[in-house]
Amino acid sequence: FFLYFIQRMMLTDNAAETSRREIEQIMDNISVGVFLLNKDFSISLRYSSEIETMLGTTRIGGRYFPEL
């Protein structure tokens with residue numbers, strides 16, 4: 001049972017890592033402004049580089065969206 005649990009955990013970790021890499025590639029190569037807004041209206045740490053161009057500022061992750 002323990003070995004089965006470890007194997008399942010490793011598969012889940014690998015799938016999560018693969019998804020993270022795919023999302024990172026999309027965000028790095030997409031030519032539109034994409035970001036996620038948290039409940040407190042701060043921008044999530046991962047966003048497309050195009051959004052910086054659209055907003056005219058850099059390092060927007062974690063910043064309060066209405067103030068941009």
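pLDDT is the predictor's confidence in each residue, on a scale from 0 to 100. Keep that in mind, for this is a predicted model.

**Exercise 1. Find out how confident the predictor is along the chain.**

Step 1. Start with the protein chain as a whole: its mean pLDDT is 91. Of its residues, 100% reach 70 or more.

Step 2. Now go element by element. Strand 1 has the highest mean pLDDT, 94, while helix 1 has the lowest, 89.

**Exercise 2. Describe how strand 1 and strand 2 are arranged.**

Step 1. Locate them: strand 1 covers residues 35–37, and strand 2 covers residues 43–47.

Step 2. Check the direction. The two strands run antiparallel, and two bridges join them.

Step 3. Look at the connection. Five residues lie between strand 1 and strand 2, and together the strands form a hairpin. In its turn you will meet Phe41, with a positive phi of about 70°.

Step 4. Pick out one facing residue: opposite Phe35 stands Tyr47, in strand 2.

**Exercise 3. Find the aromatic pair and classify its geometry.**

Step 1. Count first: there is one aromatic pair. Its members are Phe35 and Phe65, with ring centres 5.3 Å apart.

Step 2. Compare that distance with the cut-off, which asks for centres within 6.5 Å. The 5.3 Å between Phe35 and Phe65 fits.

Step 3. Turn to the angle. Planes under 30 degrees apart would be stacked and over 60 edge-to-face, with the rest tilted. The planes of Phe35 and Phe65 stand at 35°, so this pair is tilted.

Step 4. Place the pair in the chain. Phe35 belongs to strand 1, whereas Phe65 sits in the segment after helix 2 (49–55). The two are 30 residues apart, and the pair links distant parts of the chain.

Step 5. Are these rings buried, exposed or in between? Partly exposed runs between 20% and 50% relative accessible area. Phe35 has 25%, so Phe35 is partly exposed. Phe65 has 31% and is therefore partly exposed too.

**Exercise 4. Trace the salt bridges within helix 1.**

Step 1. Recall the idea: side chains of opposite charge can pair when their charged atoms come close. Over the whole structure, four salt bridges are found.

Step 2. Take Glu17 and Arg21, whose side chains meet in a salt bridge at 3.5 Å, N to O. Both lie in helix 1 (residues 2–29), four residues apart, which is about one turn of the helix.

Step 3. Take Arg20 and Glu24 next. Their closest N and O atoms are 2.7 Å apart in a salt bridge. This pair also lies in helix 1, with four residues, about one turn, separating its members.

Step 4. Put the pieces together: Glu17, Arg20, Arg21 and Glu24 are linked in a network of salt bridges.

Step 5. Check accessibility. Glu17 has 31%, so it counts as partly exposed. Arg21 is partly exposed at 44%, Glu24 at 32% and Arg20 at 40%.

**Exercise 5. Find a salt bridge that reaches from helix 1 to another element.**

Step 1. Look at Asp28 and Arg46: their side chains meet in a salt bridge of 2.7 Å, N to O.

Step 2. Place both ends. Asp28 is in helix 1 and Arg46 in strand 2, 18 residues apart, so the pair links distant parts of the chain.Step 3. Finish with accessibility. Asp28 has a relative accessible area of 45% and is partly exposed. Arg46, at 32%, is partly exposed as well.

Conventions:
Residues are numbered from 1 along each chain as its sequence is written. This is a predicted model: local features need pLDDT of at least 70, side-chain atom pairs count only at pLDDT 80 or more; totals for chains, interfaces and linings use all residues. Side-chain values use heavy atoms; hydrogens and water are left out. Rings of Phe, Tyr and Trp (its six-membered ring) pair if their centres lie within 6.5 Å; planes under 30 degrees apart count as stacked, over 60 as edge-to-face and the rest as tilted. Buried means under 20% relative accessible area, exposed over 50%, partly exposed in between (1.4 Å probe, protein chains only). Two strands pair if DSSP finds at least two bridges between them.
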